[in-house]
Amino acid sequence: MLKRSSKNQVSNTNVVETIAAIATASGAGGIGIVRVSGPASRLIALGILGQCPTPRHAAYLDFKLEDGALIDRGIAIFYENPHSYTGEDVLELQAHGGTALMQILLARCIELGARQAEPGEFTRRAYLNDKLDLAQAEAVADVISAATVEAAKSAVRSLSGEFSKHINALLLKLIDLRMFVEACLDFPEEEIDFITQGRVAEKLETIMVELMAVFSKAKQGSLLREGIVVVLVGQPNVGKSSLMNQLAGEDVAIVTSVAGTTRDTIKNAIQINGVPLHIIDTAGLRETDDEVEKFGIERTWRATETANIALLLVDAAHGIGEQEKTILARLPQEIRKIWVHNKIDVGNTKPSCQQIDGATHIYLSAKTGDGLALLKNQLLALAGYQSNSEGIFMARARHLQALAEVDAHLNSAKRQMSSAELLAEELRLAQDDLASITGEFTPDDLLGEIFSKFCIGK
């Protein structure tokens, strides 16, 4: 059940505890940071530093154990609530980034009254204390995990509030329309005229158009975040591993003239125009008595169940035969497919992209790379990629689902124009789904799932 009050309820539960964690990546480094948040931050500063630094001023001080022994000497910064990342008193201790030294410093903070922070707990507190909305909080993790430059740019846009700004603008228009429609309920004998005179249908259409614009940008952002999974399938010795190496730009798969060389799935991550692609090379599909090869073939079929796009490789000289048609028939219906006619260098055929009976056929050479650009363009087109990434913000699967549900409710509202009661109810449901993106209406179990995937210390 969605609850508006869940934010305050969770906040009140945790506000009395002080948390601490190592905020920098594990392993040795030039600098390591231990972060503390909560009401005991000032006392912890006194215990380690002998003083609490002036808020928001860096101080170069000794970090000490209880007996006065020196842990290290470094930079300490104290942020007084509410002017901090979490909205609470926050202490940051910057020392040399030795693994053991960081653990000693963290242990000292816990000794002085803090507890080990849970994954994402600092950002969760920032959300609960209204320093970030939920979409911005999720963008923190996306900035950290961004695998491409374009993904990082989109995540920063979401973190800065660009996505939330669009959602909130839609919310205001939706609330305004909903208020007008609900006012009609006070005049039941005139509700149809009231709705007509208030240009409700026109306003609803405007909201739906703007929603689709936001959905398009969010979908692009989700593509940059999640990427697409591409599986290479076909008979043995058609060049799957060679194509894998061409796409990866390095020899990640063994290539020989012996059919059946690849016995298991091989995965590699690449990017095209900033879009992550997870390429899976698979064992050749054929009848065999080899137990190891059978196991690899079974894994091939399992890989097709989770892929977004299947590249069906065939020998250009051989073409599509009965075996290839059998493979095509067994592939999941929902997976998008591209026929790749490989080895055009053998027959001196030029690279090309053709549409034949509604299917895409790419003619290329995995050996020379001729035609590879055509394949990359088709992969991006099938994924729904648009070259203009300006204004795209990072989005997650739950955001896309919420936007799709909003669209469904608005379409239903459009069909209920003759009944103010049903129209008002659909608008209310649309508002709740839209508000769930920024966290105005969010179930507590969803919050736990979102923040549990953050790294500790963030």
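# A guided tour of the model

Start by selecting Arg 56, which sits in the loop between helix H2 and strand E3 (59-64). This is a predicted model, so treat each stop as a look at a prediction. Arg 56 is not a glycine, yet its phi is positive, at about 65°. Most residues other than glycine have a negative phi, and most peptide bonds are trans.

Next, look at the second half of that remark. Which two residues are joined by a cis peptide bond? Select Asn 81 and Pro 82: the bond between them is cis, with omega of about 5°. Pro 82 belongs to the loop between strand E4 (70-79) and strand E5 (90-97).

**Helices H2 and H3**

Now return to H2 and show residues 41-49, together with helix H3, residues 99-111. Two packed helices are described by the angle between their axes and the distance between the axes. For H2 and H3, the angle is about 125° and the axes lie 9 Å apart. That angle makes H2 oblique to H3. The crossing of H2 past H3 is right-handed. To see where they touch, select Ile 44, Gly 47 and Ile 48 on H2, then Leu 105, Arg 108 and Cys 109 on H3. Coloured by class, this contact shows 4 nonpolar residues, 1 polar and 1 charged.

**Helices H9 and H14**

Move on to helix H9, residues 200-226, and bring H14 into view beside it. Their axes come within 10 Å and cross at roughly 160°, which makes H9 roughly antiparallel to H14. Here H9 passes H14 in a left-handed crossing. On the H9 side, the contact includes Leu 204, Met 208, Leu 211, Phe 215 and Ser 222. On the H14 side, look for residues including Leu 400, Leu 403, Asp 407, Leu 410 and Lys 414. By class, the contact of H9 with H14 is made up of 14 nonpolar, 2 polar and 4 charged residues.

**Helices H14 and H15**

Keep H14 (residues 397-415) on screen and add helix H15 (residues 420-438). Are these two helices roughly parallel or roughly antiparallel to each other? They pack at an angle of about 170°, with axes 8 Å apart, and therefore H14 and H15 are roughly antiparallel. H14 crosses H15 in a left-handed way. Among the residues of H14 that meet H15 are Arg 398, Ala 402, Val 406, His 409 and Ala 413. Their partners in H15 include Leu 423, Leu 427, Ala 430, Leu 434 and Ile 437. Sorted by class, the contact of H14 with H15 holds 11 nonpolar, 4 polar and 4 charged residues.

Leu 403 is worth clicking again: on H14, this residue takes part in the contact with H9 and also meets H15. Val 406 and Leu 410 likewise appear in the contact with H9 and in the one with H15.

**A cavity to finish**

How many cavities of 30 Å³ or more does a search of the whole structure find? The search finds 2. For the last stop, choose the second largest, which has a volume of about 30 Å³. Select Val 233, Gly 234, Leu 312, Leu 313, Glu 324, Ile 327 and Trp 339 to display its lining. Strand E7 (228-234), strand E10 (309-315) and helix H12 (322-330) each contribute at least two residues to that lining. By class, the lining of this cavity has 5 nonpolar residues, 1 polar and 1 charged.

Technical notes
Residues are numbered from 1 along each chain as its sequence is written. This is a predicted model: local features need pLDDT of at least 70, side-chain atom pairs count only at pLDDT 80 or more; totals for chains, interfaces and linings use all residues. Side-chain values use heavy atoms; hydrogens and water are left out. On a 1 Å grid over the protein atoms alone, a cavity is a set of points where a 1.4 Å probe fits but cannot get out, and a pocket is an open set with protein on both sides within 12 Å along at least five of seven lines; lining residues have an atom within 4 Å of a point. Grid points are joined across faces, edges and corners, and a volume is the space filled by probe spheres set on the points. Helices (H or I, at least four residues) and strands (E, at least two) are DSSP runs, numbered from the N terminus. Ala, Val, Leu, Ile, Met, Phe, Trp, Tyr, Cys and Pro count as nonpolar, Asp, Glu, Lys and Arg as charged, and the others, Gly among them, as polar. Axes are lines fitted to C-alpha atoms, for helices over the stretch in contact, and angles run from 0 to 180 degrees between N-to-C directions. Angles under 35 degrees count as roughly parallel, over 145 as roughly antiparallel, 65 to 115 as roughly perpendicular and the rest as oblique. A crossing is left-handed if the near helix is turned anticlockwise from the far one by less than a right angle, and right-handed if clockwise. Contact means heavy atoms within 4.5 Å.
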